[in-house]
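Please walk through this protein with the model at hand, beginning with the fold as a whole and ending with a pair of side chains.

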Amino acid sequence: MRIKTVIVTAAAAIALTAGLSACSSPSSDTGASKPAASHSAEATTPATASLSGTFAGLNDKKVAGTAKIDGDTLTLSGFSSDEGPDLHLYLTNGTDEAAVTAGTTLGAVKFDAASQTFKLDGVKAGDFKYVVVHCDKALAVFGAAPLA
C-alpha cells in the first residue's frame, strides 16, 4: 500500500512540474489547450475609461511596466516579462485562473517588447480591475497590473 502511495505521489509531482515548465521555454510547444471560456474583445459597449496600473509579477514570475487604457486603446510601456511560449494579455476582475477564464482576451503579448498597443474594440474597460499577463499553454498567471 505504501509503495502505491509513493508511486501516485511521484506521478502527480512529475505531471505538475511538466505543466509548469511549459511556460519556461518557447521550444516546448505541445499544443496544450487554452483556457476554455475566454471571451473575445468584441464584448459590450465601447471603452471610454482612462485607467492605468503598474505590473507586478505573480507565481514566481517577473513582469514589469505599466498598462494605460485611454479610450479604446490599451498601451503597455516599459513592459517586460519572463519568457513564455504562449503569453496573452487579458482584462479581468482577479488574478487567478477563474478570473482569466471569465475575463476578456486582448491577444498575444511579446515578453521582450517594451511598447505594445492593443485595441479594445467594444470592450468597456471600466468593467475590469486588472490587466493580466497569462501563459495560455500552461494555464499560469505571470503578472498583473491593478487598474485605477
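Of the contacts in the protein with a separation of 6 or more, what percentage is accounted for by residues 24 or more positions apart? In this predicted model, such residues account for 66% of those contacts. The chain forms two helices and nine strands, and when the elements are followed from the N terminus they come in the order α-β-β-β-β-β-α-β-β-β-β. Of the 148 residues in the protein, 37% are buried, while the surface that the protein exposes comes to about 7,900 Å², with carbon and sulfur atoms supplying 58% of it.

A good place to enter the fold is an open sheet of four strands, in which the order is 1-3-4-7 and the pairing is antiparallel. Strand 1 and strand 7 each have a single partner strand and stand at the edges, so one side of each is left without a neighbour in the sheet. On average, and with direction ignored, neighbouring strands of this sheet are turned by 15° against each other.

Within that sheet, strand 3, which covers residues 63–70, pairs with strand 4, residues 73–81, in the antiparallel sense over seven bridges. The register of this pairing can be followed through two positions: Val63 stands opposite Ser81 in strand 4, and Asp70 stands opposite Thr73, also in strand 4. The hairpin that strand 3 and strand 4 make has two residues between the strands, and Gly71 takes a positive phi near 65° there.

Strand 4 also pairs with strand 7, residues 116–119, to which it is joined by four bridges, the two strands running antiparallel. Thr73, which was met above opposite Asp70, stands opposite Lys119 in strand 7 as well.

Strand 4 also takes part in a side-chain contact of another kind, for the structure holds one aromatic pair. The ring centres of Phe55 and Phe79 lie 5.5 Å apart and their planes meet at 70°; since planes over 60 degrees apart count as edge-to-face, the pair is of that kind. It links distant parts of the chain, with Phe55 in the loop between strand 1 (50–54) and strand 2 (56–57) and Phe79 in strand 4, 24 residues apart.

Are these two rings' residues buried or exposed? Because buried means under 20% relative accessible area, Phe55, with a relative accessible area of 6%, is buried, and Phe79, at 3% relative accessibility, counts as buried too.

Technical notes:
Residues numbered from 1 in each chain as written. Predicted model: local features only at pLDDT ≥ 70, side-chain atom pairs only at ≥ 80, totals over all residues. Heavy atoms only, no water. Pairing = 2+ DSSP bridges. Buried < 20%, exposed > 50% of the residue type's maximum accessible area, 1.4 Å probe, protein only. Contact = heavy atoms within 4.5 Å. Areas by Shrake-Rupley, 256 points an atom, 1.4 Å probe, with all protein chains shown as cover. Phe/Tyr/Trp six-rings, centres within 6.5 Å; stacked < 30°, edge-to-face > 60°. Axes fitted to C-alpha atoms, helices over the stretch in contact; angles between N-to-C directions.
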